[in-house]
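Here is a short set of exercises to work through with the model on your screen. Try each task yourself before reading the solution below it.

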Amino acid sequence: MAQHVFASVEEVLHGLADFFVAQATRAVAARGRFSVALSGGSSPKKLYELLASPAYRQRVPWAQTYFFFGDERNVPATDAQSNYLLAKTALLAPLNIATDHVFAVNTLLPPSAAAAAYTQSIRAFFEGEEAQFDLVLLGLGDNAHTASLFPRTAVLSAITADMQAVFVPEVDGYRLTFTAPLINQARAVAFLVFGADKAAAVRRVLAGERNPEEYPAQLIAPAAGEAAWFLDEAAAAELPR
Ligand SMILES: O=C1O[C@H](COP(=O)(O)O)[C@@H](O)[C@H](O)[C@H]1O
């Protein structure tokens, strides 16, 4: 597991954008396509804008890139909370990504049906082989959740590699999320975490006692892939030096 600590948020974003370019380039060279699961929430907007900017637009093989979502809110795709809407606005629309390269969760379905349909889409994309994303982007909540793997929720004990619906008392609603086994099949996962309000969660996940029920991001450990953390100094401040 690699930790990359940068002095500023701008540098963190460039570090992760360069990592994205490297994973995409390698995947397309090896397999002719790049599959990425996007994250949501408050952190990735600037990363998506950077990837869509002139500086990165030419460096990523966008025409061979396929976009999935590692988690989604149980809201319509037009809702301000929607992870899909965030990605569409900041990344997919500015780059004119073909709609058949974007796999959004159908949140018009009831949560468990939406999760089952999304799992089928993943299986179809990987043509029955193990679903191994080239890159899964992740964030970290100040409660140490990642994707929508929240503390003390049923999905933490999932043993299948799929998307599941889970009721999250903390947000008083359903979320759709990749399970930890699905994330851990990825060739690479990258966490984007910045800000002092994340410092305690970063310490607990990376340097605390093992307790995934309380700190679900501890479940993330790709079996054969690479895990990289992109942090600013404020988020890394409580890590042992
Ligand atoms: O991986 C993820 O993490 C976030 C927490 O990130 P934040 O930037 O909102 O603090 C999560 O809620 C998001 O949906 C997810 O993809």
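## Exercises on a predicted model

β2 and β3 run parallel and are joined by five bridges. Keep in mind that this is a predicted model. Its mean pLDDT is 97, with 100% of the residues of the protein at 70 or more. The scores are ipTM 0.96 and pTM 0.98.

**Exercise 1. Find the bridge partners of V36 and A37.**

Start with V36: its bridge partner in β3 is F67. Then move on to A37, which stands opposite F68 in β3. Now look towards β5, where A37 stands opposite V136. That contact belongs to the pairing of β2 with β5, which is parallel and has two bridges.

**Exercise 2. Work out whether β2 is enclosed or open to the outside, and which way its residues point.**

Step one is to check burial, where a residue counts as buried with 20 or more other C-beta atoms within 10 Å of its own. Five of the five residues of β2 pass, so the strand is largely enclosed by the rest of the structure.

Step two is to sort the residues by direction. F34, V36 and L38 point one way, while S35 and A37 point the other way, and all are buried. This fits a general pattern: in a regular strand, side chains alternate between the two faces of the sheet.

Step three is to check β3 too. Four of its five residues are buried, which leaves β3 mostly covered.

**Exercise 3. Lay out the six-stranded sheet and find its edges.**

First write down the order: β1-β9-β8-β5-β2-β3, an open sheet with parallel pairing. Next, look for strands with a single partner. These are β1 (2–6) and β3 (65–69), so one side of each is left without a neighbour in the sheet. On average, neighbouring strands here are turned by 20° against each other, direction ignored.

Now zoom in on one pair. Strand β8 (residues 188–193) and strand β9 (residues 226–232) run parallel and are joined by six bridges. One residue to click on is V193, whose bridge partner in β9 is L231.

Finally, add a helix. α1 lies across β1, β2 (34–38), β3, β5 (135–138), β8 and β9, and runs at about 160° to β9.

**Exercise 4. Do the same for the three-stranded sheet.**

Begin with the order again: β4-β7-β6, open, with antiparallel pairing. The edge strands, each pairing on one side only, are β4 (71–73) and β6 (163–168). Neighbouring strands of this sheet are turned by 25° against each other on average, direction ignored.

For a closer look, take β6 and strand β7 (residues 173–178). The two run antiparallel and are joined by six bridges. Among the residues involved, M163 has F178 in β7 as its bridge partner. Helix α5 (residues 111–125) lies across β6 and β7, and its direction makes an angle of about 155° with β6.

**Exercise 5. Place T25 and decide whether T25 is buried, partly exposed or exposed.**

Locate T25 first: T25 sits in helix α1 (residues 9–31). Then count neighbours. T25 has 14 C-beta neighbours inside 10 Å, so T25 counts as partly exposed. As an extra, try a distance: the C-alpha atoms of T25 and N211 are separated by 36 Å, with the two residues 186 apart along the chain.

**Exercise 6. Explain what stands out about the backbone of N96 and E127.**

Recall the general rule first: most residues other than glycine have a negative phi. Now check N96, which has a positive phi of about 55° although it is not a glycine. N96 lies in the loop between α4 (83–92) and α5. Because N96 has 8 C-beta neighbours inside 10 Å, N96 counts as exposed.

E127 tells a similar tale. Phi of E127 is positive, near 50°, and this residue is not a glycine either. E127 lies in the loop between α5 and β5. With 6 other C-beta atoms within 10 Å, E127 is exposed.

**Exercise 7. Describe the surroundings of the ligand.**

Count the shell first: 15 residues surround the ligand. Next, pick out the closest, which are S39, G40, G41, S43 and G139. Last, sort the shell by type: three residues are nonpolar, eleven are polar and one is charged.

Technical notes:
Residues are numbered from 1 along each chain as its sequence is written. This is a predicted model: local features need pLDDT of at least 70, side-chain atom pairs count only at pLDDT 80 or more; totals for chains, interfaces and linings use all residues. A residue is near a molecule or strand if its C-beta atom, placed from the backbone, lies within 6 Å of it. Ala, Val, Leu, Ile, Met, Phe, Trp, Tyr, Cys and Pro count as nonpolar, Asp, Glu, Lys and Arg as charged, and the others, Gly among them, as polar. Two strands pair if DSSP finds at least two bridges between them. Axes are lines fitted to C-alpha atoms, for helices over the stretch in contact, and angles run from 0 to 180 degrees between N-to-C directions. Two residues are in contact if their C-beta atoms, placed from the backbone, lie within 7 Å. A residue is buried if 20 or more other C-beta atoms lie within 10 Å of its own, exposed if 12 or fewer, and partly exposed in between; C-beta atoms are placed from the backbone. pLDDT is the predictor's confidence in each residue, from 0 to 100.
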